[in-house]
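Reader: I'm new to this one and would like a close look at a single part of it. Could you pick out a helix, walk me through it, and then show me what lies around it and elsewhere?

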Amino acid sequence: MVLDGIEAIVQKHNKVTTKTINKVVVHRQGVYFNFIRYADDFVVIGENPKLLRLLQKEIEVFLNARGLELSKEKTRITNIYEGFDFLGFHFKKFSNGKMIVHPTKEGIRSFKSKIKEVFNQCRGSSLTFLIYKLNPIIRGWGNYYKFVNSKDIFKELDRYIWYKSLNWIKRIHQGVHIWKYIKRYFRPYLEYEAQTLSDGKRSVFYLSSIPLREHLKIRGEANPFDKAYDQYFRNRAISLKSHNVLAINA
């Protein structure tokens, strides 16, 4: 609620200037800024770095009056071709006009750290308990990033989990006859060629089994509490269920 006034500041700078000759418009130039915010994280997008710096100063004044300030570590003005991080996603545009979005390096490190911590905590636990602890973390992280270019990253993390699983077995059995235990504990994951740790009933979730789906943007004016949009949300729910899988290579 405290930050709600920032959007008005940004929109105030949007303007269009025109040049006319004999009442005929011969040139039109616009200055546009877009503002995207989630809780206390936000980005401002514009074409002119000089105007963005001026806008940043206005936002700083707005925040200072409320006892707040911009994070020096997170705040910077950058070109979209260099990319930027927002809400755990890295956004980068390429010279061909294509925008690629994938998990941030920090997000990947954090995920690996959580997986490593679970394996360390479960050194003396049963395989069933290990699977019980791992799967919610893997599923949750994968479902968060299934709408962006995550295919290759999912594969990389599946390999990371597999090697962590192998080391867990080695610690339990002291590395004796390790291939025997690999055959005993690793089993094919559903119809995939990959193998994951299994207790015979449950398996460590295979991240790459999550289908990547194109995000369906919701209408900005749609309100779930307004009956006028009931049919829109019903149709949207049906579309989400039947939406085609979009395989994206990053």
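Author: What follows starts with helix H4, goes on to some single residues, and ends with the two largest pockets.

Keep in mind that this is a predicted model.

Let's start with the length of H4. The helix takes in residues 127-144, and at 1.5 Å a residue its 18 residues should span 26 Å. The C-alpha atoms at its two ends are 26 Å apart, so the expected span and the model agree. There is still a bend along the way: H4 turns by about 25° at leucine 134, and proline 136 follows within four residues.

Now, which residues of H4 are buried? They are Leu127, Leu130, Ile131, Leu134, Asn135, Ile138, Trp141 and Gly142. Leucine 134, where the helix bends, is on that list too. Here's a handy bit of background for reading such a list: an α-helix has 3.6 residues a turn, so residues three or four places apart point the same way. As for what covers the buried residues of H4, that includes strand S7, helix H3 (105-121), helix H5 (151-173), helix H6 (178-185) and strand S9 (195-197).

Zoom in on isoleucine 138, which sits in H4. Its relative accessibility is 0%, and because buried means under 20%, this residue counts as buried. Leaving aside neighbours within four places in sequence, isoleucine 138 is in contact with Phe111, Ile115, Ile161, Val204, Phe205 and Leu207. For a sense of distance, take valine 44: it is 94 residues away from isoleucine 138 along the chain, and their C-alpha atoms are separated by 32 Å.

Another residue of the helix, Ile131, leads us to arginine 202. Not counting residues up to four places away in sequence, arginine 202 touches Ile131 and Leu197. Arginine 202 is placed in the loop between S9 and helix H7 (230-242). Unlike the buried Ile131, arginine 202 is exposed, with a relative accessible area of 52%. Tyrosine 189 is 13 residues from arginine 202 in sequence and 9.8 Å from it in space, C-alpha to C-alpha.

Leucine 190 is worth a stop as well. This residue has a positive phi of about 50° although it is not a glycine. You'll find leucine 190 in the loop between strand S8 (186-188) and S9, and it is exposed, with a relative accessible area of 64%. Alanine 39 makes a nice companion, with a positive phi of about 55° although it, too, is not a glycine. Alanine 39 lies in the loop between S3 and S4 and, at 53% relative accessibility, counts as exposed.

Two more residues round out this part of the tour. Glutamate 82 is in the loop between H2 and S5, and at 55% relative accessibility it counts as exposed. Not counting residues up to four places away in sequence, glutamate 82 touches His90 and Lys92. The C-alpha atoms of glutamate 82 and phenylalanine 94 are 12 residues apart along the chain and separated by 8.8 Å. Glutamine 11, in helix H1 (residues 6-12), counts as partly exposed at 46% relative accessibility. From glutamine 11 to proline 188 it is 177 residues in sequence and 54 Å in space, C-alpha to C-alpha.

Finally, the pockets. Rolling a probe the size of a water molecule over the atoms shows where empty space is left. The largest pocket holds about 1,500 Å³ of space. Lining it are 42 residues, of which Phe42, Val43, Val44, Lys74 and Arg76 are the closest to its centre. Two or more lining residues come from each of strand S2 (24-31), strand S3 (33-38), strand S4 (41-46), helix H2 (49-64) and strand S5 (84-86). H2 gives the largest share, seven residues. Sorted by class, the lining has 21 nonpolar, 12 polar and nine charged residues.

The second largest pocket has about 850 Å³ of space. Its lining is made of 21 residues, and Ile36, Phe86, Leu87, Phe91 and His215 lie nearest the centre. Here the elements giving two or more residues are S3, S4, S5, strand S6 (89-93) and strand S7 (99-103), and S3 gives the most, with five residues. By class, this lining has 17 nonpolar, two polar and two charged residues. S7, by the way, is also among the elements that cover the buried residues of H4, which brings us back to where we began.

How values were computed: Residues numbered from 1 in each chain as written. Predicted model: local features only at pLDDT ≥ 70, side-chain atom pairs only at ≥ 80, totals over all residues. Heavy atoms only, no water. 1 Å grid on protein atoms, 1.4 Å probe; cavity = no way out; pocket = protein on both sides within 12 Å on 5 of 7 lines; lining within 4 Å. Points joined across faces, edges and corners; volume = space filled by probe spheres on them. Nonpolar A, V, L, I, M, F, W, Y, C, P; charged D, E, K, R; others polar. Expected span 1.5 Å × (residues − 1). Bend = angle between axes of the 7 residues up to and from the residue. Buried < 20%, exposed > 50% of the residue type's maximum accessible area, 1.4 Å probe, protein only. Contact = heavy atoms within 4.5 Å.
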